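This report covers the ligand site of the structure shown below, followed by two points of backbone geometry.

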Amino acid sequence: MSNRVAVVPGSFDPPTLGHLDIVRRAAALYDETHVLVVHNPDKEGMLPIALRMQLLEQAIAEAGITGRVIVGSWSVGLLVDYAQEVGAGVLVKGIRSQQDVAYETPMAVVNNHLAGVETVFLLADPANSVVSSSLVRQVASLGGDVSPYVPGAVSQYLKGATPSEF
Ligand code: PNS
């Protein structure tokens, strides 16, 4: 396992500017960064996984994020299985609040117990402290403008989508 390879996992449903900032910063820290769309069976989900990946790829390209960034998906087995498969010793997560710390702590501890994988927490830019995928889903589904919170590619997609697609 290498500490030069990192995984940035999440639901990315949809990707937000907060996610993109964490991906940009992870890509600057690690030689290879896997942005991993993880299917969470506890969450019903708005966008198909393949579309989340496509929007992430577009957003990463549009943001001019440099370095080796690979967008992937994972729906079977543990997240650390994927990390081991690609030789990643680190998971990178963004932290906006104490609530995020409380949510992330058990996962970080268990992932370390399971496979020795470390979790690196990057503090979110305060500009993104209120940005979440769930808020974006809610505002978009009620016809509100989410362009301040999401990359251009996501904003464009959501503008063209009908509420039944949310
Ligand atoms: O964007 P989200 O929904 O907060 O991301 C949560 C995610 C996908 C990172 C989390 O659900 C996760 O790590 N899932 C992988 C399942 C797993 O490996 N669980 C056991 C160790 S915690």
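## Ligand and pocket

The ligand occupies the largest pocket of the protein. The model is a predicted one. The volume of this pocket is about 1,200 Å³.

## Lining of the pocket

In total, 46 residues line the largest pocket, and those nearest its centre are Gly10, Ser11, Lys43, Tyr103 and Glu104. Sorted by class, the lining comprises 19 nonpolar, 16 polar and 11 charged residues.

Two strands and four helices each contribute at least two lining residues: strands E1 (2-10) and E4 (88-95), and helices H1 (17-29), H3 (79-85), H4 (98-115) and H5 (133-141). Helix H4 provides the largest share of the lining, 7 residues.

## Shell around the ligand

Which residues surround the ligand? The shell consists of Gly10, Ser11, Val38, Asn40, Lys43, Leu78, Leu79, Lys93, Tyr103, Met107 and Asn111. On its own the ligand would expose 560 Å², and 78% of that area is buried by the protein.

By class, 5 residues of the shell are nonpolar, 4 are polar and 2 are charged. H4 is again a main source: this helix gives the most to the shell, with 3 residues, as it also gives the largest share of the pocket lining. Gly10, Ser11, Lys43 and Tyr103 belong to the shell, and these four are also among the residues nearest the centre of the pocket.

## Polar contacts of the ligand

Ser11 approaches the ligand through its side chain: an N or O atom there lies 2.5 Å from a ligand oxygen atom. Leu79 does so through its backbone, where a polar atom is 2.9 Å from an oxygen atom of the ligand.

## Backbone geometry in the loop between E1 and H1

Most residues other than glycine have a negative phi, and most peptide bonds are trans. The loop between E1 and H1 holds a departure from each of these tendencies. Phenylalanine 12, which is not a glycine, has a positive phi of about 50°, and its place is in this loop.

What kind of peptide bond joins aspartate 13 and proline 14? The bond is cis, with omega at about 5°. Proline 14 is likewise found in the loop between E1 and H1. The two elements that flank this loop, strand E1 and helix H1, each supply at least two residues of the pocket lining.

Key
Residues are numbered from 1 along each chain as its sequence is written. This is a predicted model: local features need pLDDT of at least 70, side-chain atom pairs count only at pLDDT 80 or more; totals for chains, interfaces and linings use all residues. Side-chain values use heavy atoms; hydrogens and water are left out. On a 1 Å grid over the protein atoms alone, a cavity is a set of points where a 1.4 Å probe fits but cannot get out, and a pocket is an open set with protein on both sides within 12 Å along at least five of seven lines; lining residues have an atom within 4 Å of a point. Grid points are joined across faces, edges and corners, and a volume is the space filled by probe spheres set on the points. Ala, Val, Leu, Ile, Met, Phe, Trp, Tyr, Cys and Pro count as nonpolar, Asp, Glu, Lys and Arg as charged, and the others, Gly among them, as polar. A residue is near a molecule or strand if one of its heavy atoms lies within 4 Å of it. A polar contact is a pair of N or O atoms within 3.5 Å; within protein, one must be able to donate a hydrogen and the other to accept it, and residues adjacent in sequence count only if both atoms are side-chain atoms. Accessible areas come from the Shrake-Rupley method with a 1.4 Å probe; for residues, only the protein chains shown count as cover. A molecule sits in a cavity or pocket if more than half of its atoms lie within 2 Å of its grid points.
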